[in-house]
Amino acid sequence: MAKRSKMSATRTKKKKKAKPARRLKCAKPAKRALRPPPPAASPLSHIDPRGQARMVDVSGKNATERVAVAEGKVIMRPQTLDMVLAGNALKGDVLGAARLAGIMAAKRTHGLIPLCHPLPITKVEIDINPEHTLPGFLVRATVKVTGQTGVEMEALTAVSITCLTIYDMVKAVERGMRIEGIRLLHKSGGKSGDYNAEG
């Protein structure tokens with residue numbers, strides 16, 4: 001019996017085959033990190049490619065004559081309009097004060113709107129016309145400069161402050177006045193050419 005058990009043990013040993021050596025798996029090369037594409041240029045000149053506010057560099061532009069015209073309206077009751085035209089406002093010369101305020105505002109636009117350039121403005125003209133069909137005043141500002149950037153913001157600022165000054169001068173009589181329709185009517189000069197508002 002002992003001999004048989006020894007023989008069976010040797011047979012089982014012979015049957016067992018040596019396992020082949022495992023092949024080492026080669027490590028896959030690491031994927032290269034894809035670089036994000038460069039940000040697209042913003043159509044807004046005051047926003048840089050990273051989305052941050054900037055003051056536009058105009059040093060490479062030619063100095064040309066540039067003109068901008070803007071308008072706005074102050075709507076009031078007919079009685080208030082008549083009082084202003086008669087010169088009976090409590091604070092004095094409403095239209096004279098408003099006109100001076102508009103001129104000063106055009107010259108100080110760069111101090112009010114952060115990304116505007118200080119410009120050597122050569123002309124600011126403020127027209128304040130009574131309109132009985134409104135009723136109220138139609139305000140128009142014309143600003144001119146010979147420089148490397150336009151004066152659209154100066155014209156719009158002049159109109160806004162003129163309208164606000166009219167309101168301030170007359171609010172003791174009518175607080176329900178409305179300032180409406182502030183917009184750019186015309187601009188000329190510069191690379192972008194002329195612009196004229198519709199209607």
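Let me start with one pair in the middle of the sheet: Gly72 has Val139 of strand 3 as its bridge partner. The model we are looking at is a predicted one, so please hear every value that follows as computed from that prediction.

That pair belongs to the contact between strand 1 and strand 3, which run antiparallel and are joined by 12 bridges. Further along the same two strands, Ile75 stands opposite Gly136 in strand 3. On its other partner, strand 1 is joined by eight bridges to strand 4, residues 178-188, and this pairing is antiparallel as well; within it, Ala68 has Lys187 of strand 4 as its bridge partner.

Let me now step back to the whole sheet. It is an open sheet of five strands in the order 2-3-1-4-5, with antiparallel pairing, and its edges are strand 2 and strand 5, residues 195-196, each of which pairs on one side only. As for cover, nine of the 12 residues of strand 1 are buried, and for strand 3 the count is likewise nine buried out of 12.

For the chain as a whole, there are five helices and five strands, and reading along the sequence one meets them in the pattern α-β-α-α-α-β-β-α-β-β. Of the 199 residues, 32% count as buried, while the exposed surface comes to about 14,100 Å², with carbon and sulfur atoms supplying 56% of it. If we take contacts between residues at least 6 apart in sequence, 69% of them join residues at least 24 apart.

I would like to spend some time on the hairpin. Strand 2 and strand 3 form a hairpin with four residues between them, and the two strands, which run antiparallel, are joined by 10 bridges. Pro135 sits in the loop between these strands, and the peptide bond that joins Leu134 to Pro135 is cis, with omega at about -15 degrees. Close to that loop in our discussion comes the pairing of Pro130 with Phe137 of strand 3 as its bridge partner, and then Glu131, which lies in strand 2 and stands opposite Gly136 in strand 3.

Is Glu131 buried, partly exposed or exposed? Its relative accessible area is 28%, and therefore Glu131 counts as partly exposed. Leaving out residues up to four places away in sequence, Glu131 touches Leu81, Gly136 and Leu138. Across the sheet, Glu131 and Ile75 are 56 residues apart in sequence, and their C-alpha atoms are 9.2 Å apart in space.

Turning to the helices that lie on these strands, helix 2 crosses strand 2 and strand 3, running at about 60 degrees to strand 3. Helix 3 also packs on the sheet, where it touches strand 2 and strand 3, and its direction makes about 145 degrees with that of strand 2.

What lies in the interior? The largest nonpolar core has 31 residues, and those with the most contacts inside it are Val94, Ile128, Phe137 and Ile166. The elements that give two or more residues to this core are strand 1, helix 2, helix 3, strand 2, strand 3 and helix 5, and helix 5 gives the most, with eight residues. To take one of the central residues, which partners does Ile128 contact, leaving aside its neighbours within four places in sequence? They are Leu95, Ala98, Arg99, Phe137, Leu138, Val139, Thr162 and Ile166.

Finally, a residue away from the sheet, Thr109, which has its place in helix 4, residues 109-112. Its relative accessibility is 1%, and because the cut-off for buried is under 20%, Thr109 counts as buried. A polar atom of the Thr109 side chain lies 3.1 Å from the backbone oxygen of Ala106. Beyond residues up to four places away in sequence, Thr109 touches Cys116, Met153, Glu154 and Thr157.

To close where I began, strand 1 is joined to strand 3 by 12 bridges, and strand 3 also takes part in the hairpin with strand 2.

Methods: Residues numbered from 1 in each chain as written. Predicted model: local features only at pLDDT ≥ 70, side-chain atom pairs only at ≥ 80, totals over all residues. Heavy atoms only, no water. Core = buried A, V, L, I, M, F, W, Y, C linked by side-chain atoms within 4.5 Å. Buried < 20%, exposed > 50% of the residue type's maximum accessible area, 1.4 Å probe, protein only. Contact = heavy atoms within 4.5 Å. Areas by Shrake-Rupley, 256 points an atom, 1.4 Å probe, with all protein chains shown as cover. Pairing = 2+ DSSP bridges. Axes fitted to C-alpha atoms, helices over the stretch in contact; angles between N-to-C directions. Polar contact = N/O pair within 3.5 Å; in protein donor to acceptor, adjacent residues only side chain to side chain.
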